[in-house]
Amino acid sequence: MTLAMDQSRLALPYIGGATVDVDERTVVLEPADTTIRVGSVALAGPEHVEAAVAAATEAFPAWRDLSAEERGDMILAAAAALEAEAPALIDLLAREVGKVLPDARADIMGSIAMLKNFVALVRELATDPNHAGEPGTGQAVLVKVRHVPVGPVAVIGPWNTPVFLTFNGIAPSLASGCTVIVKPAVEAPLALTAVVRILAEHLPPGVLNVVPGRGSVVGQALAEHPGIRALMFTGGTETGRRIQAAAAGNLKKVALELGGNDPAIILEDAEIDDSMITELVAGSFGMTGQICFNIKRIYVHRSHYDEFVERFTEAVGRVVIGDPHDETAHIGPLTTRDGYENAKRLLSDAVAAGATVRELGTYSKSAKRDSGLYISPTVVTGIAPDSELVLDEQFAPIMPIIAFDTDDEAVAEANRTEFGLASSVWSADLAHAERVAGRIEAGNTFINTHRLGASVPFVPFGGVKQSGLGRTHGMYSLHHCTEEHGIVGFTEPATQLPGISHWQSVVAGVDA
Ligand code: NAD
């Protein structure tokens, strides 16, 4: 079976095992050529959220009560169906987001791998042995911690890595026995909606649903809904705050993966060589600067500053910008018109403030610069450390580079913003790097790397301060969609436990 492209070009709700038609729609344009329409997306309303919550609520008990084995088998069969459609989905994703094919491939294939990983993890947990004591020793003979699925879960995703980041919520939820409602971003809803529909068609009706639409309508209704027990969100910090407030009504569990402004700190004892420059260029400009944990500002020890800027700039000059389907391109356009306008504004502000702004890179012939949302990879020096480009999240391929004199100064600059997602420290001395890393306020600090792939599946991922709440990956994700249920038992009433003697007089004849 191959993906029905006409269906995938129109993102409609899929609720309770059926596609639902919606009249109100908006178009999805190709960022690489905004004169081309990739497809359109339904703008669903609160009534669709009601229907989806009802379907997810009805499907929940039977899904929850399957064994981890049974549920896992169904998810793996669905994942195999998805894998068969992967090439068409990768193509669609590259078009709607504007990301180059290797990035689109990582998004789809990584999501399939994630499903398999969570099935394996949940099966492993289900076979956890009891921590039992010996009868008669005063210890409980049954001590079991069950990971109980919370119920219907809502997963609200962003446009930058729409499938993989939404799977951070979908995969643990489905595997652990929750039913799920997905809300894709309006900017890039097509591949994700198609992916969810393919999976959902292989699962019992209502287990997995998708409701595309505006965040202020569909997202808000999901966040407020008392029938949703947990919400996993990836997106901007402001939206995260709104969601947390809306979710307070029924105390739903909320996990927030929010924006970042990651610093990279190059210490005095770092070695400026080709491998370091390659890692830093990839970490800065990967996905056109639109990864939440891209490097967004570089601090370099003054002793290396001139050499670093020269070598980094030279390498950025060799970055190829092109159409997402151009195999020679390292990066494509920005995804959204708003992001593009914001990048242009940041650049003109930097020029106006007297900074040195070098727009670099090489455009491939495939790049339609007149109609695509292309921003050149840009290096900015001579910029004030407290300027907006340095302290806010640019989400574009524009890199400010700033000199520092001491470790203390670098750490203070790194911690100066309210963001705290990832960060990196670069040094030839691992112990020194680790000492500096330990002082950075962030969810993750990488040493001598900083890019996609560095977030190992079982290392917790998430942010501190305004970059988020909670962690994803492995067990950390399961905490959001399950509740721990402790069961502690004795074979007979536990009068041997301390504290009972005070009560023994209430029943005559109790054994001492
Ligand atoms: P966004 O916050 O604008 O939108 C994210 C999702 O929230 C979309 O589906 C949107 O429709 C929905 N939404 C909007 N208003 C809502 C509301 N009131 N209630 C509920 N849902 C609502 O973010 P974006 O522009 O799609 O993504 C870019 C941002 O996401 C950047 O800040 C980036 O750093 C961040 N991000 C973070 C991570 C991470 O893991 N920490 C990963 C990727 C992106």
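**Group meeting: two domains and two sheets**

Okay, let's start small: alanine 11 sits across from valine 41 in β5, and leucine 10 sits across from serine 40 in that strand. Before I go on, this is a predicted model, where local features need pLDDT of at least 70, side-chain atom pairs count only at pLDDT 80 or more, and totals for chains, interfaces and linings use all residues. Residues are numbered from 1 along each chain as its sequence is written, and side-chain values use heavy atoms, with hydrogens and water left out.

Back to those strands. β1 and β5 run parallel and share two bridges. When I say strands pair, I mean DSSP finds at least two bridges between them. Helices (H or I, at least four residues) and strands (E, at least two) are DSSP runs, numbered from the N terminus.

β5 also pairs with β4, antiparallel this time, over six bridges. One example is valine 28, which faces glycine 39 in β5. β4 and β5 make a hairpin, with two residues between them. Put together, that's an open sheet of three strands, ordered β1-β5-β4, with mixed pairing. β1 (10–11) and β4 (25–30) are at the edges with a single partner strand each, so one side of each has no neighbour in the sheet.

Now, the other sheet. It's open too, with seven strands in the order β15-β17-β18-β13-β12-β19-β20 and mixed pairing. At its edges are β15 (356–359) and β20 (446–447), each pairing on one side only. β15 runs antiparallel to β17 (residues 378–381), with four bridges joining them. Arginine 358 has valine 379 in β17 as its bridge partner.

Let's zoom out to the domains. The protein chain is assigned domain 1 (3–258 + 464–487) and domain 2 (262–447); the bounds come from an automatic or database domain assignment. Their centres, taken over C-alpha atoms, are 31 Å apart.

So how many residues of domain 1 are in contact with domain 2? There are 30, and they touch 32 residues of domain 2, where contact means heavy atoms within 4.5 Å. The size of an interface is often given as the accessible area lost when the parts come together. Here domain 1 and domain 2 bury about 2400 Å² between them, with 55% of it on carbon and sulfur atoms. That buried area is the accessible area (1.4 Å probe) that two parts lose on being put together, summed over both.

What about salt bridges? My rule is a side-chain nitrogen of Lys or Arg within 4 Å of a carboxyl oxygen of Asp or Glu. Two of them cross the interface of domain 1 and domain 2. Aspartate 33 and lysine 368 form a salt bridge through their side chains, at 3.1 Å from N to O.

On the domain 1 side that touches domain 2, β5 (33–42), α4 (86–97) and α5 (101–126) each supply at least two residues. α4 gives the most, with five residues. That side of domain 1 splits into ten nonpolar, eight polar and twelve charged residues. For that split, Ala, Val, Leu, Ile, Met, Phe, Trp, Tyr, Cys and Pro count as nonpolar, Asp, Glu, Lys and Arg as charged, and the others, Gly among them, as polar.

Last bit: the salt-bridge count comes to 25. Another pair to look at is aspartate 73 and arginine 123, with their closest N and O atoms 2.7 Å apart. Aspartate 73 is in helix α3 (residues 68–84) and arginine 123 is in helix α5, so this pair ties together parts 50 residues apart in sequence.
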